[in-house]
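Subject: A structure for you to look at

Hello,

Here is the structure I promised to hand over. Have a look at it first, and then read on for my notes.

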Amino acid sequence: EIHANHWREIEIASKQTDNKILKFLDSAAPELELTSPAPGSTTEISVPTIQVQGKVYKEYLPANSKFIINATRQEDGYKLPEVYFYLKPSDLWQTNNAELPVAEFKEELAIYSRGTYKFSCKIRNPAGLVSQEKVFFVKVNLPAGTNIIVHCHNPEGKEIGSIGGIVEIYA
């Protein structure tokens with residue numbers, strides 16, 4: 001018997017308790033399926049955002065697992081700050097069916113400067129286990145000028161809208 005709701009299970013497990021049930025439930029590394037852009041592909045864009053979509057399998061607590069993205073500009077090795085999103089359970093999930101995803105994601109990433117970027121994606125579950133890394137490349141061909149984007153987030157931190165465009169800034 002575990003005296004906790006769904007959100008407290010992580011807190012209990014993270015305290016290195018002797019709870020064998022929680023350790024068992026998070027004992028398998030998650031499996032990441034990147035559906036767009038395709039792993040290993042190069043996508044060219046002329047707008048400052050790209051959408052990343054995929055599915056996750058073998059998770060017990062998908063809402064507490066992180067989808068982590070790192071990006072490096074290939075021309076000079078510049079690393080963008082790490083970005084992560086918490087997963088949301090899939091509507092497709094059914095008990096005892098390992099073929100169906102437990103979580104799905106569709107996130108928009110912002111890229112503010114020209115160049116070719118290598119994106120590395122992975123899933124980390126609450127027990128610290130990490131999926132196999134998936135990599136794709138994005139070649140950004142933005143028009144000259146300064147790109148300004150204003151993002152609007154809901155109280156949970158999920159982006160619900162944005163506006164933006166290329167502007168000239170005068171000194």
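Glycine 40 is a good place to begin: this residue is exposed, with a relative accessible area of 57%. To find glycine 40, go to the loop between β1 (31-36) and β2 (42-45). Please keep in mind that you are looking at a predicted model.

Which residues does glycine 40 touch, once its neighbours within four places in sequence are left aside? Its contacts are then Val135, Phe136 and Phe137. For phenylalanine 137, the separation in sequence is 97 residues, yet its C-alpha lies 7.0 Å from that of glycine 40.

One of those contacts, Phe136, leads on to the aromatic rings. Searching the whole structure turns up five aromatic pairs. Among them is a stacked pair made by phenylalanine 119 and phenylalanine 136, with 5.1 Å from centre to centre and 5° between the planes. Those two values are given because a pair of aromatic rings is described by the distance of the centres and the angle of the planes. This pair joins distant parts of the chain: phenylalanine 119 belongs to strand β8 (residues 115-124) and phenylalanine 136 to strand β9 (residues 134-140), with their positions 17 residues apart in sequence.

Are these two partners buried or exposed? Phenylalanine 119 has 2% relative accessibility, so it counts as buried. Phenylalanine 136 is buried as well, because its relative accessible area is 0%. Glycine 40, which touches Phe136, is itself exposed at 57%.

Two other spots with rings deserve a visit. Phe67, Phe85 and Phe105 are linked into a cluster by ring pairs. At tyrosine 84, the charged end of lysine 66 sits over the ring, 4.2 Å from the ring centre.

Now for the chain as a whole. What secondary structure does the protein chain have? There are two helices and 11 strands. Starting from the N terminus, both helices come before the strands, in the order α-α-β-β-β-β-β-β-β-β-β-β-β.

The protein chain has 171 residues, and 31% of them count as buried. Its accessible surface comes to about 10,600 Å², with 52% belonging to carbon and sulfur atoms. Among contacts in the protein chain with a separation of 6 or more, 59% are between residues 24 or more positions apart. The contact of glycine 40 with Phe137 is one across 97 residues.

Enjoy exploring, and do write back with any questions.

Best wishes

How values were computed:
Residues are numbered from 1 along each chain as its sequence is written. This is a predicted model: local features need pLDDT of at least 70, side-chain atom pairs count only at pLDDT 80 or more; totals for chains, interfaces and linings use all residues. Side-chain values use heavy atoms; hydrogens and water are left out. Helices (H or I, at least four residues) and strands (E, at least two) are DSSP runs, numbered from the N terminus. Buried means under 20% relative accessible area, exposed over 50%, partly exposed in between (1.4 Å probe, protein chains only). Contact means heavy atoms within 4.5 Å. Accessible areas come from the Shrake-Rupley method with a 1.4 Å probe; for residues, only the protein chains shown count as cover. Rings of Phe, Tyr and Trp (its six-membered ring) pair if their centres lie within 6.5 Å; planes under 30 degrees apart count as stacked, over 60 as edge-to-face and the rest as tilted. A charge sits over a ring if NZ of Lys or CZ of Arg is within 6 Å of the ring centre and within 35 degrees of the ring normal.
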